[in-house]
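Here are some notes for a colleague who is opening this structure for the first time. Please keep the sequence and the 3D view side by side while reading the points.

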Amino acid sequence: TQERNLLRFGAIAMTRMACAGPGGEQERVVSGIMAQQPLTIRFGERMTMRWTAPDGSSIDWRGLDWD
């Protein structure tokens, strides 16, 4: 759910099969941040978004840039 700039997830399902290399590290970081509730959302320029967890960790998301 999203309420203003706060984002909360319900139950999150994923496999127990870990990816090797950079993909596995990215998965670990994203799932660790999503496990903390609520996340603060901030939208930036050029189709960017930042999720920040209560412990201060964050992840940045970028959309496609059509320039």
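1. The sheet as a whole. In this predicted model, five strands make up an open sheet whose order is β1-β2-β3-β4-β5, and the pairing is antiparallel. The edges are taken by β1 (2–3) and β5, each of which has a single partner strand, so one side of each is left without a neighbour in the sheet.

2. From β2 into β3. Strand β2, which covers residues 6–7, pairs with β3 in the antiparallel sense over two bridges. A reader who wants to locate this pairing can begin at Leu-6, whose bridge partner in β3 is Thr-40. Thr-40 in turn has a bridge partner in β4, namely Thr-52, and Thr-52 stands opposite Ser-58 in β5. Following these residues one after another therefore leads the eye from β2 through β3 and β4 to β5, in keeping with the strand order β1-β2-β3-β4-β5.

3. The hairpin of β3 and β4. Strand β3 (residues 39–43) and strand β4 (residues 48–52) are antiparallel and are joined by four bridges, and Arg-42 has Arg-50 in β4 as its bridge partner. Four residues lie between the two strands of this hairpin, and in the turn Arg-46 has a positive phi of about 55°.

4. Gly-44 in the loop. The loop between β3 and β4 also holds Gly-44. Is this residue buried, partly exposed or exposed? Its relative accessibility is 44%, so Gly-44 counts as partly exposed, given that the intermediate class lies between the limits of under 20% for buried and over 50% for exposed. Gly-44 and Asp-60 are separated by 16 residues in sequence, while the distance between their C-alpha atoms is 9.8 Å.

5. The hairpin of β4 and β5. Strand β5, made of residues 58–62, runs antiparallel to β4, and five bridges join the two. Within β5, Trp-61 is the residue that stands opposite Met-49. Five residues lie between the strands of this hairpin, where Gly-56 takes a positive phi near 95°.

6. The helix across the sheet. Which strands does helix α1 lie across? Helix α1, formed by residues 22–34, lies across β3, β4 and β5, and its direction makes an angle of about 110° with β5. When viewing these strands, it may help to recall that in a regular strand the side chains alternate between the two faces of the sheet.

Notes
Residues numbered from 1 in each chain as written. Predicted model: local features only at pLDDT ≥ 70, side-chain atom pairs only at ≥ 80, totals over all residues. Heavy atoms only, no water. Pairing = 2+ DSSP bridges. Contact = heavy atoms within 4.5 Å. Axes fitted to C-alpha atoms, helices over the stretch in contact; angles between N-to-C directions. Buried < 20%, exposed > 50% of the residue type's maximum accessible area, 1.4 Å probe, protein only.
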